[in-house]
Amino acid sequence: QVQLVESGGGLVQAGGSLRLSCVASGSISRLDTMGWHRQAPGKQRELVATITSGGSTTYADSVKGRFTISGDNAKKIVYLHMNSLNPEDSAVYYCNARRVWTGTSWVYDAWGQGTQVTVSS
């Protein structure tokens, strides 16, 4: 019903920047709440940032002031702008559609396949 495809990951030096994109497709009328999560090797998946269709955002303390989540509901794209990256930010980053309105029903908790971000020191 809802498919998510992430892109934009890669290798970057500490202090650098990346922009991740998440394109949503399928039976979508509105991306109500979207999020980015990340998972580093040997660690649990953690929430990085969320955004609602109204533009409200939340961030993990570890990324506040460095990462910015934004979205374009018309294009069904969500971005994660990452600045001042450090090696601790290295992880697979996953896009998450926490709640999507299809026009007739809600869809919860759809996930993309992830994109790798590696930050070298």
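Strands here are DSSP runs of E at least two residues long, numbered from the N terminus. Read that way, the protein runs β-β-β-β-β-β-β-β-β-β-β along its sequence, which comes to 11 strands and zero helices. The model is a predicted one, and everything below should be taken in that light.

Overall dimensions come first. The protein has a radius of gyration of 14 Å, and that agrees with the value near 14 Å that a compact globule of 121 residues would have. Along the principal axes, the C-alpha atoms fill a box of roughly 50 × 25 × 20 Å. Of the 121 residues, 42% count as buried. The accessible surface comes to about 6200 Å², and carbon and sulfur atoms hold 46% of that. As for how the chain meets itself, take the contacts with a separation of 6 or more: 57% of them are between residues 24 or more positions apart.

Next, the pairing around strand 3. This strand (residues 18–26) runs antiparallel to strand 1 (residues 2–7), with six bridges joining the two. Glu6 has Cys22 of strand 3 as its bridge partner. Strand 3 also pairs with strand 8 (residues 77–82), again in the antiparallel sense and over six bridges; here Leu18 is matched with Met82 in strand 8. Strand 3 thus turns up in both pairings, with strand 1 and with strand 8.

Val5 gives a view of the strand 1 side. This residue sits in strand 1 and is exposed, since its relative accessible area of 53% is over the 50% cut-off. Setting aside neighbours within four places in sequence, Val5 is in contact with Ser21, Cys22 and Val23. Gly54, on the other hand, is 49 residues from Val5 along the chain, and their C-alpha atoms are separated by 22 Å.

Cys22 has another role to report: the structure holds one disulfide, and Cys22 forms it with Cys95, the sulfur atoms being 2.0 Å apart. The link joins distant parts of the chain, as Cys22 lies in strand 3 and Cys95 in strand 9 (residues 91–101), 73 residues apart. The angle about the S-S bond is -80°, making the link left-handed. Are the two cysteines buried or exposed? With buried meaning under 20% relative accessible area, Cys22 counts as buried at 1%, and so does Cys95 at 0%.

A second run of pairings starts at strand 4 (residues 30–39). Strand 4 and strand 5 (residues 46–52) pair in the antiparallel sense over six bridges, and Met34 has Ile51 in strand 5 as its bridge partner. The two strands form a hairpin with six residues between them, where Gly42 takes a positive phi near 80°. Strand 5 then pairs with strand 6, antiparallel as well, over three bridges; one example is Ala49, whose bridge partner in strand 6 is Tyr59. This hairpin has four residues between its strands, and Gly55 in the turn has a positive phi of about 95°.

Two arginines deserve a closer look. Arg38 belongs to strand 4. What makes Arg38 count as buried? Its relative accessibility is 5%, and the cut-off for buried is under 20%. The side chain of Arg38 makes a polar contact of 2.6 Å with the side chain of Glu46 and another, of 2.9 Å, with that of Asp89. Beyond residues up to four places away in sequence, Arg38 touches a long list of residues, including Gln44, Arg45, Val48, Ser62, Val63, Phe67, Glu88, Ala91, Val92 and Tyr93.

Arg66, by contrast, is placed in a loop, the one between strand 6 (57–59) and strand 7 (67–72). At 14% relative accessibility, Arg66 counts as buried. What does the side chain of Arg66 reach? The backbone oxygen of Ser62 lies at 2.9 Å, and the backbone oxygen of Ser84 is reached at 2.9 Å. Not counting residues up to four places away in sequence, Arg66 touches His81, Met82, Asn83, Ser84, Leu85, Asn86 and Asp89. Asp89 is thus touched by Arg66 and also by Arg38.

Note on methods
Residues are numbered from 1 along each chain as its sequence is written. This is a predicted model: local features need pLDDT of at least 70, side-chain atom pairs count only at pLDDT 80 or more; totals for chains, interfaces and linings use all residues. Side-chain values use heavy atoms; hydrogens and water are left out. Buried means under 20% relative accessible area, exposed over 50%, partly exposed in between (1.4 Å probe, protein chains only). A polar contact is a pair of N or O atoms within 3.5 Å; within protein, one must be able to donate a hydrogen and the other to accept it, and residues adjacent in sequence count only if both atoms are side-chain atoms. Contact means heavy atoms within 4.5 Å. Two strands pair if DSSP finds at least two bridges between them. The radius of gyration is taken over C-alpha atoms; the globule rule is 2.2 Å times the number of residues to the power 0.38. Accessible areas come from the Shrake-Rupley method with a 1.4 Å probe; for residues, only the protein chains shown count as cover. A disulfide is a pair of cysteine sulfur atoms within 2.5 Å.
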